[in-house]
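Work through these short exercises with the model at hand. Each task is followed by its solution.

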Amino acid sequence: MLSTRSTLRRLSFLLACAALLTLGSCGNAPLQVKEPAVDLLIRNGRIVDGSGNAWVRGDVAVRGGRIVAMGQLGTVQARRVFDARDHIVAPGFIDTHAHIEGNLFARPTADNFVHDGVTTLITGNCGASDELGIKAFFERMAKEGVSVNVASLVGHNTVRKQVMGLERRAATPAEQKRMETLVDQAMDDGAVGLSTGLIYLPGLYSDTPEVVGLARAAARHHGVYASHIRDEGSKVVEAINEALDIGRQAGLPVQISHFKVGAPANWGRSRETLALIEKARADGLDVTIDQYPYTASSTQLSVVLPDWAVEGGQAAIAKRLADPADRVRIAADILKSAQRNKRPDFSYAVVARHSPEPALNGRNLSQINQQRGRPATMEAEIQTLLDIVQAGGAQMTFHGMSEEDVRRIMAWPFAMVGADGGVQSGTGMPHPRSYGTNARVLGKYVREEQVMRLEEAVRRMTSLAAQRFQLNDRGLLRPGYAADIVIFDDKTVRDRATFEHPHQLSEGFDLVVINGVVTMEAGKHSGAKAGAALRGPAAR
């Protein structure tokens with residue numbers, strides 16, 4: 001911030017002079033200025049540069065998709081000048097945990113993310129990456145154009161399904177080798193690491209050595225291991241320890257996804273789980289976490305079924321539920337789990353999307369059970385739950401965490417921000433995190449509740465995430481860095497999306513710039529598709 005000298009070696013002689021703020025001359029030769037020196041000049045901002053340092057007043061100049069100068073740039077001429085009006089100028093936010101494979105190309109403008117200040121998404125999480133492969137995914141991005149930058153992990157479940165299908169068994173040596181080869185290829189194609197979703201098919205049937213082998217393949221390419229761990233409830237400690245052991249054995253950094261403790265029986269255990277992470281770091285393991293700022297999660301309804309009951313996928317599940325003996329056994333296992341987690345009923349489970357019967361969207365299972373004329377008992381509600389699964393399943397919102405745990409995790413200095421959401425089209429009743437995650441952190445937890453200071457929140461959303469996923473020219477406002485920039489009013493920024501009315505864009509963002517292109521201004525998306533594929537360190 002103290003120097004305005006551009007670090008870009010390839011800048012033209014004219015632009016180098018502009019970066020030195022010597023528009024009148026360069027050396028002893030008069031400068032003939034025939035066109036503006038920069039594309040965009042942001043003036044009068046309070047610059048929060050992503051490092052965690054205190055904000056300073058200044059300007060930011062952009063040319064050719066890069067930041068070329070910062071400081072007091074009073075004489076620089078620009079094609080476009082934007083007056084930040086003393087609002088916050090920060091690096092574009094990096095969402096560390098997205099699921100966009102299924103919907104990015106249907107809505108390539110990714111409005112819900114852009115209006116929340118997000119310029120880069122890390123996708124391929126929870127073991128699920130694009131089924132056509134990282135290379136094909138990135139090529140389609142380049143061909144069709146998207147508004148946001150995207151980096152991707154390679155998903156364990158995607159790889160295992162390709163090699164082994166949905167079978168409930170250990171991998172043979174030949175299958176293990178084949179899976180490791182696929183991870184190698186994905187890393188060569190630009191993946192930033194390996195992800196696991198160890199509560200989902202078919203990864204839930206893998207053992208630790210299988211995952212270690214795949215993580216070693218990612219480690220050979222300097223990738224990270226990002227894990228949706230096996231349990232976030234009663235066995236959360238064992239699940240965290242497994243993730244840490246995988247990192248140690250494979251020799252690579254660990255990122256634990258959407259860090260939480262679920263169910264009333266486990267509320268308060270974030271003290272215990274954070275202590276595990278602290279100790280691992282003290283012992284030399286590079287481990288970090290991400291989090292969304294809500295007390296509810298969202299995933300498939302089938303996760304409440306016992307592991308043995310989901311083998312083979314939806315068709316096999318429906319067949320088991322049609323068998324009276326299997327249905328009784330499944331219901332008994334669900335009841336035991338609910339009692340262990342101190343659940344009095346299923347009112348905490350709300351249907352977000354049930355395609356066979358959209359009228360159920362937004363209703364909890366207790367309400368649906370009552371509407372179907374059944375008694376208000378756990379046993380009856382389980383039968384209603386199983387009917388929905390048998391009919392095709394549902395995306396759910398599960399209200400299962402405590403605010404105290406959310407705040408404690410958020411206060412930990414190496415917790416990043418990730419919405420765990422997808423590109424939204426305005427249908428269904430999705431979790432509001434897809435719309436309001438970053439604005440909620442800035443409005444509720446920074447301005448209103450002061451869980452952390454503004455500069456620290458921005459660091460979590462920018463440079464910390466860029467460091468974790470090795471996005472080496474993102475996450476900071478620095479000359480030479482990519483011009484991903486967000487401007488917002490720290491006094492008014494807020495999330496508007498709620499569980500009852502989720503399809504509402506965040507407000508308080510003045511400008512979002514992606515790779516030097518204005519993508520959102522004054523609440524309106526420009527339609528620009530300046531996003532790029534961000535490949536990992538081993539990409540060929």
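**Exercise 1: the antiparallel sheet**

Three strands make an open sheet in the order 16-18-17, and their pairing is antiparallel. This is a predicted model, where local features need pLDDT of at least 70, side-chain atom pairs count only at pLDDT 80 or more, and totals for chains, interfaces and linings use all residues. Residues are numbered from 1 along each chain as its sequence is written, and side-chain values use heavy atoms, with hydrogens and water left out.

Task: find the edge strands, then trace the pairing of strand 16 with strand 18.

- Step 1. Strand 16 (296-300) and strand 17 (349-353) are the edges, each pairing on one side only. Strands are DSSP runs (E, at least two residues), numbered from the N terminus. Two strands pair if DSSP finds at least two bridges between them.
- Step 2. Strand 16 and strand 18 (residues 395-399) run antiparallel, joined by five bridges.
- Step 3. Opposite Ser-298 stands Thr-397 in strand 18.

**Exercise 2: the parallel sheet**

Task: which strands of the open sheet 11-12-13-14-15-19 stand at the edges?

- Step 1. The sheet has six strands, with parallel pairing.
- Step 2. Strand 11 (154-155) and strand 19 (415-417) each have a single partner strand, so one side of each lacks a neighbour in the sheet.
- Step 3. Inside the order, five bridges link strand 12 (residues 193-197) to strand 13 (residues 224-228). Gly-193 has Val-224 as its bridge partner.

**Exercise 3: one histidine**

Task: is His-97 buried or exposed?

- Step 1. His-97 lies in the loop between strand 8 (93-95) and helix 2 (111-114).
- Step 2. Its relative accessibility is 0%, so His-97 counts as buried. Buried means under 20% relative accessible area, exposed over 50%, partly exposed in between (1.4 Å probe, protein chains only).

Definitions and conventions
Helix = DSSP H or I, 4+ residues; strand = E, 2+ residues; numbered from the N terminus.
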